[in-house]
Amino acid sequence: MVARSSSPTGEDQRELSCAGFDVRPLPGASFGAVVRFDRAGGSRAALAAAQANPDALPRALYACQGLLVLPEMGEISEDPAQLVRLSRLFGPEVENYRLTHADEGMIHPDVPEIFVVSNLAPANRQPPPRPDPPRTENGALPTRFPHRRGWHTDQSYRRPPPDVSLFYAVTPAPKGQGQTLYADGATAYEALPARLRQRVEGLEGIHVRPGTGRSEQAVSDGETPQPLPPHHQPQRQPVVRPHPVTGKRALYLCEAGQMDWVQGPFAGMSPGPEGDGARLLYELMTHLTQPRFTYVHEWEAGDLVIYDNRSLLHAATWFDAERYGRLMWRTTVAGNPGEAYAGEEPSWTARPLG
Ligand SMILES: [Fe+2]
């Protein structure tokens with residue numbers, strides 16, 4: 001059972017008590033928590049504790065605005081099925097990437113629910129470029145759009161989109177490189193000026209798979225968009241998304257590469273990089289990625305980060321892929337997207353999820 005303790009100041013809502021777990025506010029962030037397990041024994045014991053109390057981790061996730069960091073879970077590297085069992089605590093559908101036709105090189109050879117994010121073969125996924133300049137005026141890692149690009153929420157080009165992702169570091173990049181950035185769309189929504197709140201009410205974003213010739217850059221460059229099969233068509237998503245568990249409203253957006261800049265980024269506004277929709281997206285993203293709403297995760301081997309795609313955005317950062325091999329595993333959990341998606345068949349595949 002997770003319960004909020006009454007903090008003497010009443011300020012931090014992330015002080016939790018939770019049988020079998022130690023849950024503390026995430027240092028360096030206004031949202032999120034670090035979860036450690038009371039018993040020694042590594043991730044196997046942690047999994048047993050979580051399964052014995054299956055509501056505990058999901059409740060901690062929702063109480064902490066959608067971000068949990070679980071350090072010292074390194075046994076998952078030897079027993080990757082543990083990651084899938086942990087994922088099942090967060091929803092009924094853990095994606096089987098073989099059934100959803102991911103590139104074979106991105107699928108874990110033994111555990112098809114694991115999506116491999118790595119610059120190493122066979123995944124061969126390269127990191128994003130460094131921001132220009134690489135540091136802010138204060139010497140910090142840039143997080144704010146448009147200095148920082150690449151903010152997105154996983155698979156927002158699907159309807160219904162997924163709920164939660166679990167992201168695990170087998171071999172992270174060296175310290176100071178290859179961080180993952182998170183932004184809290186719920187607090188950013190609450191902090192929107194009234195003028196912007198009115199503009200986003202009822203608005204829909206048009207999301208699309210990256211690499212289909214519909215990105216901001218592709219449209220600016222005059223590329224011809226690729227013809228898309230029915231299961232890869234752009235999808236509309238509410239810009240303000242009520243969370244199906246907490247009820248909190250959050251900004252649900254991506255930017256340059258995962259919005260459709262041919263028809264969008266927003267339905268009903270003038271499209272393309274020079275349109276009114278582009279101006280609004282820049283304004284919203286600049287607001288949403290202010291340092292006060294963001295967190296920079298510096299990875300240690302064995303870290304597991306669990307994030308709620310319904311209310312958080314995230315972005316990858318550069319690392320020196322010529323010198324270092326980075327290996328990360330991700331699972332994606334779906335099944336509770338909220339009322340707006342009730343009864344919908346998946347847009348992206350005719351096959352049932354495993
Ligand atoms: Fe992602």
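**Exercise 1. State which residues Leu68 contacts beyond its neighbours within four places in sequence, and place Leu68 in the nonpolar core.**

Solution. Leaving aside neighbours within four places in sequence, Leu68 is in contact with Gly32, Ala33, Val35, Leu57, Ala60, Leu61 and Ile306; contact requires C-beta atoms, placed from the backbone, to lie within 7 Å. The model is predicted: local features need pLDDT of at least 70, side-chain atom pairs count only at pLDDT 80 or more, and totals for chains, interfaces and linings use all residues. Numbering starts from 1 along each chain as its sequence is written.

Next, consider the core. A nonpolar core is a set of buried Ala, Val, Leu, Ile, Met, Phe, Trp, Tyr and Cys residues joined through C-beta atoms within 7 Å. A residue is buried if 20 or more other C-beta atoms lie within 10 Å of its own, exposed if 12 or fewer, and partly exposed in between, with C-beta atoms placed from the backbone. The largest such core has 79 residues, and Leu68 is among those with the most contacts inside it, as are Leu67 and Ala183.

**Exercise 2. Determine the strand order of the open sheet that contains β9, and identify its edges.**

Solution. Strands are DSSP runs (E, at least two residues) and helices likewise (H or I, at least four), numbered from the N terminus. Two strands pair if DSSP finds at least two bridges between them. The order is β14-β9-β16, with antiparallel pairing. β14 (294-297) and β16 (312-316) stand at the edges with a single partner strand each, so one side of each has no neighbour in the sheet. Between β9 (residues 180-184) and β16 there are five bridges. Within this pair, Ala183 stands opposite Leu313 of β16.

**Exercise 3. Locate Pro244 and decide whether it is buried, partly exposed or exposed.**

Solution. Pro244 lies in the loop between β12 (240-242) and β13 (249-251). Because 15 other C-beta atoms lie within 10 Å, Pro244 is partly exposed. Apart from neighbours within four places in sequence, Pro244 contacts Asn336, Pro337 and Gly338. The C-alpha atoms of Pro244 and Glu339 are 7.3 Å apart, although 95 residues separate the two along the chain.

**Exercise 4. Compare the radius of gyration of the chain with the globule rule.**

Solution. The radius is taken over C-alpha atoms, and the rule is 2.2 Å times the number of residues to the power 0.38. For 354 residues, a compact globule would have a radius near 20 Å; the chain has 20 Å, which agrees. Buried residues make up 44% of the 354 residues.

Technical notes
Contact = placed C-beta atoms within 7 Å.
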